[in-house]
Amino acid sequence: MSLDLTPTRQPDHPVAPQFPGRWSPRSFTDRALSEAEVMSLLEAARWAPSASNHQPWRLVWARRGEAAFDSLHACLTGNNLIWTGKAAALVVVASKDTMLNRDGVEVPNRTAGFDTGAAWMSLALQAHAMGLVAHAMGGFDRDRLAAAVQLPAGHTLHCAVAVGEQGPVEALPDDLAAREKPSGRKAMAEIARHGRF
Ligand SMILES: Cc1cc2nc3c(=O)[nH]c(=O)nc-3n(C[C@H](O)[C@H](O)[C@H](O)COP(=O)(O)O)c2cc1C
């Protein structure tokens, strides 16, 4: 049986198709990613904008079949541990918490998290453009993942991202299969106001 995996969500206003088209499924096919494909994903993240162009994002990646993949995968928790085993690659998204100011002093970078969020979204949209899916996860053991990636002092872990080719919903356990559908969004009036809150 061929599956129609086309997301069906409709925007309320005209928007480039990648925005409602990107979503976060959990089922992956067996398709591996080449290192060149992973580099394209990371390249998209690399070109994200950041305050004063400090580029605080730091990315640690591994492909399925590598010992590093198993080591990252083992840090995921709950359901994430189940469905990510078939991901073609995992990317850990972290940031450097400080930046060098004009006096050459390391000071807190207050927009590091904001900027790193832009980098993750760039990666996700690049995956979508390549016919892949990228699914971010905050469900991981923070201490264990920090040890696995040898997180340097002064850095923060934000999320792990599973990337691959979308697989059939039937490949998931029943509870996850029931959730394998694109989500909706809050109404525009709830998130955006004209002129003031
Ligand atoms: C920072 C972050 C953490 C997330 N953590 C998890 C997670 O641990 N497990 C999971 O299955 N999905 C996780 N998600 C995926 C969200 O649930 C998903 O992006 C959201 O429901 C919107 O759906 P969409 O991405 O399909 O549009 C996370 C997403 C983000 C951005």
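This is a tour of a predicted model, stop by stop, with a selection to make at each one.

**Stop 1: the ligand**

Select the ligand and the residues around it. The shell holds 14 residues, and those that come nearest are Ser24, Arg26, His135, Gly138 and Arg185. Sorted by class, the shell has 4 nonpolar, 6 polar and 4 charged residues.

Which elements each supply at least two residues of this shell? They are helix 4, residues 79-83, and strand 5, residues 133-137. Strand 5 gives the largest share, with 3 residues.

Now show the side chains of Arg22, His135 and Arg185. In Arg22, a polar side-chain atom is 2.9 Å from an oxygen atom of the ligand. The side chain of His135 has an N or O atom 2.8 Å from a nitrogen atom of the ligand. For Arg185, a polar side-chain atom lies 2.8 Å from an oxygen atom of the ligand. The ligand on its own would expose 620 Å², and the protein buries 63% of that.

**Stop 2: Arg9**

Go next to Arg9, in the segment before helix 1 (18-21). Is Arg9 buried or exposed? Arg9 is buried, and it has no salt bridge. The nearest side chain of opposite charge belongs to Glu180, 11 Å away. A salt bridge needs a nitrogen and an oxygen within 4 Å.

What does the side chain of Arg9 reach at 2.4 Å? Select Arg22 again: the side chain of Arg9 reaches the backbone oxygen of this residue. Then add Ser183, whose backbone oxygen lies 2.8 Å from a polar atom of the Arg9 side chain.

**Stop 3: salt bridges**

Side chains of opposite charge can pair when their charged atoms come close. How many salt bridges does a search of the whole structure find? The search finds 6.

Select Asp30 and Lys86. Their salt bridge has its closest N and O atoms 3.5 Å apart. Asp30 is in the loop between helix 1 and helix 2 (35-46), while Lys86 is in the loop between helix 4 and strand 2 (89-96), so the pair ties together parts 56 residues apart in sequence. Asp30 counts as exposed, at 59% relative accessibility. Lys86 has a relative accessible area of 35% and is partly exposed.

Move on to Glu165 and Arg31, whose side chains meet in a salt bridge at 3.9 Å, N to O. This pair also links distant parts of the chain, 134 residues apart. Glu165 sits in the loop between strand 6 (155-164) and helix 7 (174-177), and Arg31 in the loop between helix 1 and helix 2. Glu165 is partly exposed, with a relative accessible area of 29%. Arg31 is partly exposed too, with a relative accessible area of 29%.

For a pair within one helix, select Arg46 and Glu43. The closest N and O atoms of this salt bridge are 2.6 Å apart. Both residues lie in helix 2, 3 residues apart, which is about one turn of the helix. Arg46 counts as partly exposed at 47% relative accessibility, and Glu43 is partly exposed with a relative accessible area of 33%. To finish this stop, add Glu37 to the selection: salt bridges that share partners join Arg31, Glu37 and Glu165 into one network.

**Stop 4: the loop between helix 2 and strand 1**

Select Ser52 and Gln55. Ser52 is in the loop between helix 2 and strand 1, and Gln55 is found in that loop as well. Ser52 is not a glycine, yet its phi is positive, about 50°. Gln55, also not a glycine, has a positive phi of about 50°. Are these residues buried or exposed? Ser52 counts as exposed at 67% relative accessibility, whereas Gln55 counts as partly exposed at 31%.

**Stop 5: Trp61**

Follow the chain to Trp61 in strand 1, residues 57-63. Trp61 is partly exposed, with a relative accessible area of 25%. Select Leu90 as well: the two are 29 residues apart in sequence, but their C-alpha atoms are 5.6 Å apart in space.

**Stop 6: the ends of helix 6**

Last, show helix 6, residues 142-149. At its start, a side-chain oxygen of Asp141 comes within 3.2 Å of the backbone nitrogen of Asp143. What follows helix 6? Gln150 does, and its phi is positive, near 55°.

Conventions:
Residues are numbered from 1 along each chain as its sequence is written. This is a predicted model: local features need pLDDT of at least 70, side-chain atom pairs count only at pLDDT 80 or more; totals for chains, interfaces and linings use all residues. Side-chain values use heavy atoms; hydrogens and water are left out. A residue is near a molecule or strand if one of its heavy atoms lies within 4 Å of it. A polar contact is a pair of N or O atoms within 3.5 Å; within protein, one must be able to donate a hydrogen and the other to accept it, and residues adjacent in sequence count only if both atoms are side-chain atoms. Accessible areas come from the Shrake-Rupley method with a 1.4 Å probe; for residues, only the protein chains shown count as cover. Helices (H or I, at least four residues) and strands (E, at least two) are DSSP runs, numbered from the N terminus. Ala, Val, Leu, Ile, Met, Phe, Trp, Tyr, Cys and Pro count as nonpolar, Asp, Glu, Lys and Arg as charged, and the others, Gly among them, as polar. Buried means under 20% relative accessible area, exposed over 50%, partly exposed in between (1.4 Å probe, protein chains only). Lys and Arg count as positive and Asp and Glu as negative; His and the chain ends are not counted.
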